[in-house]
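Biologist: Hi! I'm new to this one, could you walk me through it?
Modeller: Happy to, let's bring it up first.

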Amino acid sequence: MEQLVLLDDCHEEAMNLYIHHLKEVQDILHGTGLYFRYGHDFQTWVLKQKEHHLGIQVDEDLVPSTLYLYMKNHEIIGTIDIRHTLNEQLLKKGGHIGYSVDPYYRKQGYATKMLKEALKVCHEWDIWPVLVTCNENNKASQRVIEKCDGVLENKYKQTLRYWIGEEK
């Protein structure tokens, strides 16, 4: 059974495999939170993700966020980063949720399942409505967002901006 799991030290091997799979098909590793910012050092990355989850020592240009792994057994199917609030940049591009799926698990419905689970977390945490964005050329992500009831508000440069949910 698949489930959202908070990133922790025990996930290093699984994350290394996940990142290896992503690098096989793309240069940018979407949905991996702050991995590159901290020199690809796994332990530092885990520590910083925990701080960002708690809203402490958050880098000035970032916002508090929580990185989840979407796992099946001990394999990472994908990652999903929930941003607790939006800054000016995220309001234009990035939104509340960023995600990616291991290329070996794409086109199997996992992105939709991940986003639905993340939306439940957002609703519980009063992050509602939720802004989710994607590149206008990313048809797969557009379909995922629309399956999760995303309503296109507008386009900012090459970024499509969708809102999910109504005011509580």
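Modeller: Keep in mind that this is a predicted model. A nice place to start is helix α5, whose buried residues pack against β4, α4, β5 (130-135) and β7 (159-164).
Biologist: Which residues of α5 are the buried ones?
Modeller: In α5, which spans residues 139-147, they are S141, Q142, V144 and I145. They sit on the same side of α5, because they cover an arc of only 160 degrees around the axis.
Biologist: And what comes just after α5?
Modeller: D149, which takes a positive phi of about 70 degrees.
Biologist: Changing topic: how many disulfides are there?
Modeller: A search of the whole structure finds zero.
Biologist: Why is there no bond for C148?
Modeller: Its closest cysteine sulfur is in C122, and that is 11 Å from the sulfur of C148, so it is too far for a bond.
Biologist: Is C148 buried or exposed? And C10?
Modeller: C148 is buried, with a relative accessible area of 4%. C10 has 65% relative accessibility, so it counts as exposed.
Biologist: OK, now D102. Where is it?
Modeller: D102 lies in the loop between β4 (97-101) and α4 (110-124).
Biologist: Which side chain of opposite charge is nearest to D102?
Modeller: That would be R106, 6.7 Å away; D102 is buried yet has no salt bridge.
Biologist: What does the side chain of D102 make a polar contact with?
Modeller: With the side chain of H21, at 2.7 Å. Leaving aside neighbours within four places in sequence, D102 is in contact with Y18, H21, I76, I77 and G78.

Note on methods. Residues are numbered from 1 along each chain as its sequence is written. This is a predicted model: local features need pLDDT of at least 70, side-chain atom pairs count only at pLDDT 80 or more; totals for chains, interfaces and linings use all residues. Side-chain values use heavy atoms; hydrogens and water are left out. A disulfide is a pair of cysteine sulfur atoms within 2.5 Å. Buried means under 20% relative accessible area, exposed over 50%, partly exposed in between (1.4 Å probe, protein chains only). Helices (H or I, at least four residues) and strands (E, at least two) are DSSP runs, numbered from the N terminus. Lys and Arg count as positive and Asp and Glu as negative; His and the chain ends are not counted. A salt bridge is a side-chain nitrogen of Lys or Arg within 4 Å of a carboxyl oxygen of Asp or Glu. A polar contact is a pair of N or O atoms within 3.5 Å; within protein, one must be able to donate a hydrogen and the other to accept it, and residues adjacent in sequence count only if both atoms are side-chain atoms. Contact means heavy atoms within 4.5 Å. The arc is that of the directions from the helix axis to the C-beta atoms.
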